[in-house]
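This report was prepared for a reader who wishes to follow a protein model from its strands to its core and its ligand site.

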Amino acid sequence: MTPTPVLEAQPPVLEAQRLGKRYGRRVALVDCDLRVPAGRIVGLVGPNGAGKSTLLQLVCGLIAPSSGSLRVLGARPASDARHLAKVGFVAQDAPVYSGLTVADHLRLGAHLNPRWDAPLAQRRLAEAGVASGQKAGRLSGGQRARLALTLAAAKRPELLVLDEPAGALDPLARVEFLANLRESITELGASAVLSSHLLSDVERVCDHLIVLGNGRVQVAGDVRDLLASHHRVDAVPPGADVIAAGVVRAASPPPGARSASLEDVALAYLTRAVGAVR
Ligand SMILES: Nc1ncnc2c1ncn2[C@@H]1O[C@H](COP(=O)(O)OP(=O)(O)OP(=O)(O)O)[C@@H](O)[C@H]1O
């Protein structure tokens, strides 16, 4: 996906400088620098405990930084009601109220959100085969994920933030959900950040990657730039910038190099991060 000049002129969706977060004595994020332009679908990957949920909660203003600064859509996260309305959040495990019906959820959404798009919500749920009279607790995992996504999308946010949105889904439901997610983001003309443990999910939907490891940003950038600047090699050329075994960073491919996949790039940085703490 090529970003349009209009989107490039907008303030960055995320801008972090030396961002840090501690929970008591436990350090979750350290010195994170990030700049994500508007219009991107960002994949946030990293092992358990890397700080993904913490970063997403900071972005939504649910928690406050311990150090450094963070701006989201050009302002402090959740700085006022207008800013809150611009960000749609789907927390881990697609939380919904199991005792309420789908229609109850839509009524709540309409009541709480000034820019609520009722036709969009109804159409999206009809496409997913989710009946409005059904109790949310009786929905399948895939339907529940679609309901949670629909509730966030119908706010018509400028930024959608999703924490492991497909985490509980089987492989087929996952692929269907991710296709739907990509469609929703395009329809909204929004930016999005989603965390995932699965690099295949990120490859399927994202055009920007952030790899977190040990609470630090290991690498971040547009997917096409990362793929253009990382290469697989059998023998490391002299003076090469080696990220991890078999993967080097260079503006142009060294002789005999092969293309690296996004998975190669992300794994190389994660491997390096693990090595750094041993
Ligand atoms: N509310 C909290 N209180 C104390 N420590 C916390 C809290 N939330 C997260 N942490 C710690 O902060 C670190 C980062 O956690 P976080 O949940 O952000 O990681 P994650 O990458 O989302 O992990 P996972 O993939 O397992 O969901 C971990 O060491 C975790 O134990």
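The sections below treat the sheets, the nonpolar core and the surroundings of the ligand in a predicted model.

**The three-stranded sheet**

An open sheet is built from three strands in the order β2-β1-β4, and its pairing is antiparallel. Because β2 (26–36) and β4 (67–72) each have a single partner strand, they stand at the edges, and one side of each is left without a neighbour in the sheet. From one strand to the next, the twist averages 25 degrees. Strand β1 (residues 14–23) is joined to β4 by five bridges in the antiparallel sense. Within this pairing, E15 has R71 of β4 as its bridge partner.

**The four-stranded sheet and the hairpin**

A further open sheet has four strands, ordered β11-β12-β10-β13, with antiparallel pairing. Its edges are held by β11 (241–244) and β13 (258–259); each has a single partner strand, so one side of each is without a neighbour in the sheet. Strands β8 and β9 form a hairpin with two residues between the strands, and N214 in this hairpin takes a positive phi near 55 degrees.

The following table lists strand pairs and their bridges.

| Strand | Partner strand | Sense | Bridges |
|---|---|---|---|
| β1 (residues 14–23) | β4 | antiparallel | five |
| β8 (residues 208–213) | β9 (residues 216–222) | antiparallel | six |
| β10 (residues 230–232) | β12 (residues 247–249) | antiparallel | three |

Individual residues show the register of these pairs. L209 stands opposite G221 in β9, and H230 stands opposite R249 in β12.

**The nonpolar core**

The largest nonpolar core comprises 80 residues, and V161 and A192 have the most contacts inside it. Helix α6 (residues 141–153) gives the most to this core, contributing seven residues. Leaving aside residues up to four places away in sequence, A192 touches I41, V42, L159, L160, L162 and I185.

**The ligand shell**

Which residues lie around the ligand? They are Y23, R26, A28, G46, N48, G49, A50, G51, K52, S53 and T54. The elements giving two or more residues to this shell are β2 and α2 (52–59). Of these, α2 provides the largest share, with three residues. By class, the shell around the ligand holds six polar, three nonpolar and two charged residues. Strand β2 thus appears in two settings: it stands at an edge of the three-stranded sheet, and it gives residues to the shell around the ligand.

Key: Residues numbered from 1 in each chain as written. Predicted model: local features only at pLDDT ≥ 70, side-chain atom pairs only at ≥ 80, totals over all residues. Pairing = 2+ DSSP bridges. Axes fitted to C-alpha atoms, helices over the stretch in contact; angles between N-to-C directions. Core = buried A, V, L, I, M, F, W, Y, C linked by C-beta atoms within 7 Å. Buried ≥ 20, exposed ≤ 12 C-beta atoms within 10 Å, placed from the backbone. Contact = placed C-beta atoms within 7 Å. Near = placed C-beta within 6 Å. Nonpolar A, V, L, I, M, F, W, Y, C, P; charged D, E, K, R; others polar.
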